Amino acid sequence: MTSTGLIVVIAVGACACTLVVLFSYKIVMGAKRRFEGVRRAAYIAVIGELAARGSYPTGILSDWAADRVFRSTLQGFVALVEGVERSRLLQVAQDLGIIDDEVGRLRSRRTKQRVRAAQALAAFGDPLTARALSTAINDRAAAVRVNALAGLSRIGEPELVAKILRTVDSETEWDAARIMDQLVALGAPAVPALLSYLGDLRAGAPRYATMAIQTLGAIGDLSSQRVLLDGLHHPEVELRAASAGALQRMGSVGAVPGLIEAMRDREAVVRIRAAKSLGESFDESAVDALAHGLRDPEWWVRKNSAESLTRLPGGVGALQEALRGSDEFARDAAREQLMIMGVPAGAPVDTTPINGQTDGSADGDWIAEQLDQLDTGFAQRPGVPDTPTPGTRHPSSR
Amino acid sequence: MSLVTIGGVAILLYLVGLQVVVFGLGVLSWSSLRREQHAAEDVRLFDMVSSVTTPPVSVIVPAYNEERGIADVVRSLAMLRYPLLEIVVVNDGSTDGTLRCLQEAFDLYEVDMPIRPQVPAKPVRATYRTRLPLPILVVDKENGGKGDAINAGINVTRYPYFLATDADIVLDDECLLRMMRPVAEDRKRVIAVGGNVRPLNGSMIRRGKVTKVDLPRTRVEISQILEYLRSFVAARPGWSRMNALVLISGALGLFQKAAVVEVGGFRRGHLGEDMELTMRLHRHGRDRRRDHRIVYAPDAVAWTEVPASTAVLRRQRIRWHRGLMQVTAEYWRMMFRPRYGILGTFAWPVFVLFELLAPVLELIGYLTAPVIVMSGIVDPTRALALVVVALAIGILNTALAVYLDDRFGHYGQARHAARLLWMAVVEHFGIRQRTVWWRVRAMFWRGEARWGDMGRSGVGNLGRRAA
């Protein structure tokens, strides 16, 4: 055979072999996936029964315990259920030695093994694994540390939280966010550690201060209110906005004066969130500030103010007053909100006093003052007029 | 040595170079996909769903005469697994009942919304919100093309990131979550993320979601599946790893709003507006020595309807190639400039050489090969051997793409594998040459490059629908 012929034979042969091998590979992998699916379906049925009944034939399960599909199904199931069912499944995992295996794998030299083990233990959240997990939060792999913390959060080990927060600034943004997620899961016991991490915000903010403030907001514990109110005065706008947003969850009357002050912030994003948070306070003293908010240069402040007013005693009255006032923006915001509520524009005015001020025209000075301050605000950027869409008024306004 | 021989050798070298680059990218993509898969298994992705730290996203859907499927698409977007998003549908002056469909499906009412003209767009006629508890906003505007419609969407969005998508696309539940992962990992540097777009034809849809993946019946459609696999599975992961992605598909691209606004938004009236924006973002960032990244998320999957008829496919390919020509004309200065990193020194020249010029060189090869053989310059046996080797490498590259795709778990049945691999062979006999011809026409003939009716049946009417 000539060299040319040889080349052709090799090319065709290589091509044909590759296609045959790939075809076989696809068939085998497809069959493998289908078999796994069948096994998983069977295991789901069995584990559901185990969770419901509590008693089981140990011999059969011991055989299954070595199957990674069984383990991952059990792991997923435990993470979903609570109470007695969870206790029963944890007992199964302990009896079959699955949890001991995972604790052992947590000491493996291979990162992948340790990550898998930490994921499993985080899902199980077995109190007996607290010691192993507390060691793992010092692991060199971030995925192990985060999963270990998730396990500890599930178990409820607040004293270890402070430990991991001390080094959170050296984590990546992603890992820091996942750590904060676990603190939310831990709830109120995590608050002291978060407050300690934030320190005195007037003196400066740590790297992930915004995330920590968002976390405090998600936990919603009143003990963090003081720090969040301090955050409203921080020089960084992101932090001020996060603080205003975080106070929303508290729904505390004590935060109202601070939030009313935030309604005068020079940055629209802070005022937007403050307007939203005031609505959660259910405090009548916020009505005035929100009525001012209806005349804000930023549309979203007006919108949130109008929404929040509907939640406060006397708020609907303020909306109706705005509807009769001279300010076009306030009228639009009030009209839309009243329409959403189903209150006709001509309905009798709610006469509940709103701190003695019902005349929108008296607010002209305050608005002018706000406009003067808004030299770099969101809505005041050059060439970015904040006017309503031309021709898009609601039919009821025409 | 005659001119013909030199030309023949040059084309041979070109073909070898093309296949080597494609193979190299395939290997790099394989490595990237492995790494990505391991990373995805390790991270607690679904914590993002309930996390207060997850950035909110606006989804912009430009729609022009999409009454057949728009309601289903918006419903499917509303079901996306993501903690905080708003869906902005931009009706780009449709002449059919797109707006009416939306009004009926979502109980819309007209509202005043602030429009901040941060990027240029045609005037907005009206904005609508829904009375349903869904975060949907509809913008009705004058017709201005896809880029213009996305710009209009940018001007009304609230959130710092936006996903630009099409009105004929179905996103997997976790698509947005997976696209946002690179952003959440590195908010300062990642300014754009591309997703993995797959052909929807032949698959089963239930309530706006793909429930069963299957292959379509026609060769035209299956050959496009192979093309998508070669591009989205066997090439983009490799380019992304080098931070040299030249294209974020207009069907599925996530952008940092501030970055897009800074460069002036999408180019209006451009045939390749997605590629043009990607290149502009690269150039703008690198000119200012910013350490920006434009990345690809292979596990973020969306499904789109591809042309089922030859006529529609021809129009699409001509438009794509014209778009590529426009972008090349505007950004050719970036070639071989070290300032633009691997993009300027390698990726962009390779793209121009093997995408823009490929059809011309391939056509010259087809035309001159018989002449060279018949004139006795090259021995016919050797010429045949060269053709066989080139074909074999081409088939192997497609096979590599099919292999890489296996990790996504689609097309797992024996008949799928058989049809895909059979098509990997037969597409070299007729289908490939037809595409080459269309692209040559795009370069040398005027007309046929406008947006037209793509003959879509609408997502809700496509594929083998579930009962």
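**Figure 1. Where chain B meets chain A.** In this predicted model, 54 residues of chain B and 60 residues of chain A take part in the contact. Putting the two chains together buries about 4,800 Å², and carbon and sulfur atoms account for 59% of that area. Three residues are worth picking out here: B:Arg44, B:Asp112 and B:Arg116 provide 16% of the area that chain B buries against chain A, more than any other three residues.

**Figure 2. Charged and polar pairs across the interface of chain B and chain A.** Eight salt bridges are found across this interface. One of them joins the side chains of B:Asp42 and A:Arg116, with N to O at 3.2 Å. The interface also holds 15 residue pairs in polar contact, with both residues at pLDDT 80 or more.

**Figure 3. The elements on chain B's side of the interface.** Let's look at which parts of chain B touch chain A. Among the elements of chain B that give two or more residues to this side are the helices α1 (3-42), α2 (47-50) and α6 (175-185), along with the strands β3 (108-111) and β4 (124-130). Helices α14 (380-405) and α15 (414-426) are also included, and α14(B) gives the largest share, eleven residues. By residue type, the side of chain B that touches chain A has 28 nonpolar, 16 charged and ten polar residues.

**Figure 4. Two separate nonpolar cores.** The largest nonpolar core has 217 residues, and B:Leu176, B:Leu254, B:Phe255 and B:Trp348 have the most contacts inside it. Helix α12 (residues 341-356) of chain B brings eight residues, the largest share of this core. For a closer look at packing, follow B:Leu176: leaving aside residues up to four places away in sequence, B:Leu176 touches B:Val57, B:Val59, B:Leu80, B:Tyr82, B:Leu85, B:Leu163 and B:Leu254. A second core, separate from the largest one, has 34 residues, including A:Cys15 from one chain and B:Leu400, B:Leu420 and B:Leu421 from the other.

**Figure 5. Two loop residues of chain B with positive phi.** Most residues other than glycine have a negative phi, which makes these two backbone spots handy ones to check. B:Asn65 has a positive phi, near 50°, and lies in the loop between β1 (57-63) and α3 (70-78) of chain B. With a relative accessible area of 28%, B:Asn65 is partly exposed. B:Phe336 also has a positive phi, near 60°, and sits in the loop between α11 (310-331) and α12 of chain B. Its relative accessibility is 60%, so B:Phe336 counts as exposed.

Definitions and conventions: Residues numbered from 1 in each chain as written. Chains lettered and ligands numbered in written order. Predicted model: local features only at pLDDT ≥ 70, side-chain atom pairs only at ≥ 80, totals over all residues. Heavy atoms only, no water. Contact = heavy atoms within 4.5 Å. Buried area = accessible area lost by both parts, 1.4 Å probe. Salt bridge = Lys/Arg side-chain N within 4 Å of Asp/Glu carboxyl O. Polar contact = N/O pair within 3.5 Å; in protein donor to acceptor, adjacent residues only side chain to side chain. Helix = DSSP H or I, 4+ residues; strand = E, 2+ residues; numbered from the N terminus. Nonpolar A, V, L, I, M, F, W, Y, C, P; charged D, E, K, R; others polar. Core = buried A, V, L, I, M, F, W, Y, C linked by side-chain atoms within 4.5 Å. Buried < 20%, exposed > 50% of the residue type's maximum accessible area, 1.4 Å probe, protein only.
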